[in-house]
Amino acid sequence: MTGSLEPTTASGACDRCLRRAFLVAHLAPRIAGLLERPAPRVTGLLALPDEAFVAAAAGERSDEAWTFLEGLDLESERGGLERASMFAVCRHADGYPALLHELADPPAVLFGRGRMRALRALSDEPAVAMVGTRRASPYGTEVAYALGRGLGAAGVPVVSGLALGIDGTAHRGCLDGGGTPVGVLACGPDVVYPRRHRRLYERVQAEGIVVSELPPGTPPFRWSFPARNRIMAALARMTVVVEAAEPSGSLITADFARDLGRAVAAVPGRVTSSFARGTNGLLKDGAVPVTRTEDVLDELFGVGVRSAPPLDEETVEPLDPHDSAVLEAAERFGSVDAIARELRLSAADARAALGRLEAEGYLVRRDLGGWERAAS
Amino acid sequence: MLASVATFALEGVRSHEVTVEVDVRQGVSIFTLVGLPDRAVRESRERVRAALMNSGLHFPLQRLTVNLAPAHVRKAGPSFDLAIAVGVLAASGQVPRDELEDSALCGELSLSGDLRPIRGALAAVLGARNAGYRRLLVPERNAAEGALVDGVEVYGIPTLARLADLLHGRWMPDSARPAVPDRRELDHGPDLADVRGQRDAKRALEIAAAGGHNVLMIGPPGAGKTMLARRLPGILPPPTFEEALEITQVHSAAGVGSGRLATERPFRAPHHTISAQGLVGGGATPRPGEITLAHRGVLFLDELPEFSRAAVDALRQPLEEGRVEIMRGQRTLEFPANATVVAACNRCPCARPPDRCTCTSLELGRYMRRLSGPLLDRIDLVCQVEAVPTVQLVDGEDEQRTASAEVRARVIAARERQRARLAGTGAFCNGDMDARLTRHHVPLDAILAARLLAVRGSANLSGRAHDRVLRIARTIADLAARDQVTVRDLDEALSYRLHGWEVIAA
């Protein structure tokens, strides 16, 4: 894995910025206590200069914070980063993504692990942030995967938060499509959260990059998730919300994107579904509706300028009329009985046709339910 | 004087011989019972004393010692009463001892001297026959059940006084006649024709019955999963005499029998709160569990994911070997447990229709994982049960509803083909075939192999799933009276397998 890494260096961060980053991490637990719930935003706080920031976050315990800063051994921290194949770039360095400067409170330093090239490419290649609920429905999961894969195949980096649900699924799709994932964490870049995403985390840093404004070893805090969302929104030219209830961290990301003047898109859901309340709300407010990868590409590059390369499909033989009738019925009903009733078939013959269509790749099955037409 | 009397005690669903030795000698009047008796056996002393006196017989006011041999095995239950009473009679010279030499006795006494029926009479008769006794004397109400077995004379005795008459040669009961019901009156239980719609489930049950496969039914609550499962025994072939005897023996041992030869296959539907012990048997005095009570019949597990992990795991051995082994001290008890399992579950944890489902991918994944495990490995067929649209319930529309008898006829024909093909292999139906037999009896020509390969590539068909599909395909061909499995059969079989939860769901 380390073989694919470019030379990593900590020299991309100046002392002042590094100090600031460690200061934020040091005061992180205090910040947590200051914020209101729910939906805490730290925008104002993180934008403050050091003195005001310490005064606001640490209050009467400011002295302790200053003592901490004085005792900070930056050289040993830099050495530690290097040994752990991590890098740090500060806002004064060349490697720092210019897009982040558009934020009112750009992170002082981006710590990260993986391919530096992926970070630099974000300045030239537009990226898409894909976000959504951690509690995703099968529908959301499917769409997130398909979009992630389509964007990956079209060479568009996918920025996401490596969270459960939509975030992780979008990155899996992106990786399977051969694309470059950019993971933005709400904890140190070496902290895997949630832990069950260990494998995904490793794939992301091998094929793309993981970054965070928090130094290595910092655990996630409530406030650091929305803070992380501003970085995601800023790194991408467009934010696509796949599935979001209300309220939702994904909607915070969409807000940041809108504030930055970036495009916001949403995948429509069932109007009666609680899973889709947030996304359908975004659409009502003027977000770009997305139903397939091309919708995103058209918005990014202009209509028809770039298209998603067709996924490698096996050539399929044309269907006989009987089977195509079953295929159509399967799509409409999904249950063997309904298909058999509609086409006046025995259950046995309906099953045989379904088995054949599945074996030939026309149909796929969903969890414990019925059949669906295979995505083409 | 000393007398010894043979009796048979129930152990699991079988019986073992117990010799009751009675010693009567001069001394202070005392009645001692030894040989690891439990409470019910110890109380037998009071019943024996009262029954003898109330039957006009003499209870010797002497030093009485009763030993139940072998002395190291625990004795339980009241079925020793009769043998103890007769032993006392013989030891005190009230009945001729030589009359008892080739006889065994089992029965519980009432204080009046009447004989009460016992559990497991059939097991006792089988034990007596195998031990070479000429006759077995049992309570009158156990006689018909006991007479099912050839090779030993079974007499039903009404009272202790009558028994004394018999031993003196003053009275002779009729040899008991087996209660085998008239085949024409056979009741096959609820009929498949009562069920509207559910074509998929009906077809799956027919295949399950024909090949001896286990089934998982997936559908919303109230769709009729229990109703369907209950109809599976009725489309299975009627039990053969040997099978009927096994069923009767199990039910007799568990005390749920009717005293007649079982003509129907059992259907058991334990609640999902059942313990592992309740499901596979056990306890201080081991009792058969639900899987044994369903022996040669159907075990229905509704709401499969709700069953405790321990209970479902305990089913592994019975499902693989058709029997349950229970260890008690140094002894191993074996219960027969060869049942077809029908399991049922909802589509998803919230059990709402697909368009109103609120389950997340994560919850679905968790639900699927609760389903998996050793039981799912043994399930060959997965079918859908549909919430029947109300319109259909009301006006009944189109469909011809096939009666159970018609399906049963097809099942019997298919089973006949399997029996002929599998003769001498130890397997009786396609569901019994192991990997080797499957390969041998479902040869793959180029077309079939190509089809399987295509699916294998796309859908993670493991070796086990592969064999399962072939077994089902074989049964489908048998139902259609085809010697060769066709691609169509294979396609249908493929559609019944449980598809792996897509990996993208994390």
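Two strands are taken to pair if DSSP finds at least two bridges between them. In this predicted model, strand β11 of chain B and strand β14 (residues 298–301) of chain B satisfy that criterion, pairing in the parallel sense over two bridges. One point of this pairing can be named: B:Phe267 has B:Val298 in β14(B) as its bridge partner.

The pair belongs to an open sheet of five strands in chain B, whose order is β11-β14-β17-β10-β18 and whose pairing is parallel. At its edges stand β11 (267–268) and β18 (381–384) of chain B; each has a single partner strand, so one side of each is left without a neighbour in the sheet. Helix α7(B) packs on this sheet, where it touches β10 (215–218), β17 and β18 of chain B. The direction of α7(B) makes about 160° with that of β18(B).

Strand β17 (residues 340–345) of chain B contains B:Ala344. Is this residue buried or exposed? B:Ala344 has 23 other C-beta atoms within 10 Å; since a residue is counted as buried at 20 or more, B:Ala344 is therefore buried. Leaving aside residues up to four places away in sequence, B:Ala344 touches B:Met217, B:Lys225, B:Ala229, B:Asp302, B:Glu303 and B:Leu304. By contrast, B:Ile447 lies 34 Å from B:Ala344, C-alpha to C-alpha, at a separation of 103 residues in sequence.

The helix that packs on the sheet also meets another helix. Helix α7 (residues 199–211) of chain B and helix α18 (residues 404–422) of chain B cross at roughly 40°, their axes coming within 8 Å, and the crossing is right-handed. From α7(B), the contact involves B:Glu206, B:Ala209 and B:Ala210, which meet B:Val407, B:Arg410, B:Val411, B:Ala414 and B:Arg415 in α18(B). By class, five residues of this contact are nonpolar, none is polar and three are charged.

Chain A offers a further helix pair. Helix α1 (residues 15–34) of chain A packs with helix α4 (residues 62–71) of chain A at an angle of about 135°, with the axes 10 Å apart. How are these two helices oriented to each other? Angles under 35 degrees count as roughly parallel, over 145 as roughly antiparallel and 65 to 115 as roughly perpendicular; α1(A) and α4(A) are therefore oblique to each other. The crossing of α1(A) past α4(A) is right-handed. On the α1(A) side the contact is made by A:Arg19, A:Leu23, A:His26 and A:Leu27, and on the α4(A) side by A:Ala65, A:Phe68 and A:Leu69. These residues divide into five nonpolar, one polar and one charged.

Note on methods: Residues numbered from 1 in each chain as written. Chains lettered and ligands numbered in written order. Predicted model: local features only at pLDDT ≥ 70, side-chain atom pairs only at ≥ 80, totals over all residues. Axes fitted to C-alpha atoms, helices over the stretch in contact; angles between N-to-C directions. Helix = DSSP H or I, 4+ residues; strand = E, 2+ residues; numbered from the N terminus. Left-handed = near helix turned anticlockwise from the far one by under 90°. Contact = placed C-beta atoms within 7 Å. Nonpolar A, V, L, I, M, F, W, Y, C, P; charged D, E, K, R; others polar. Buried ≥ 20, exposed ≤ 12 C-beta atoms within 10 Å, placed from the backbone.
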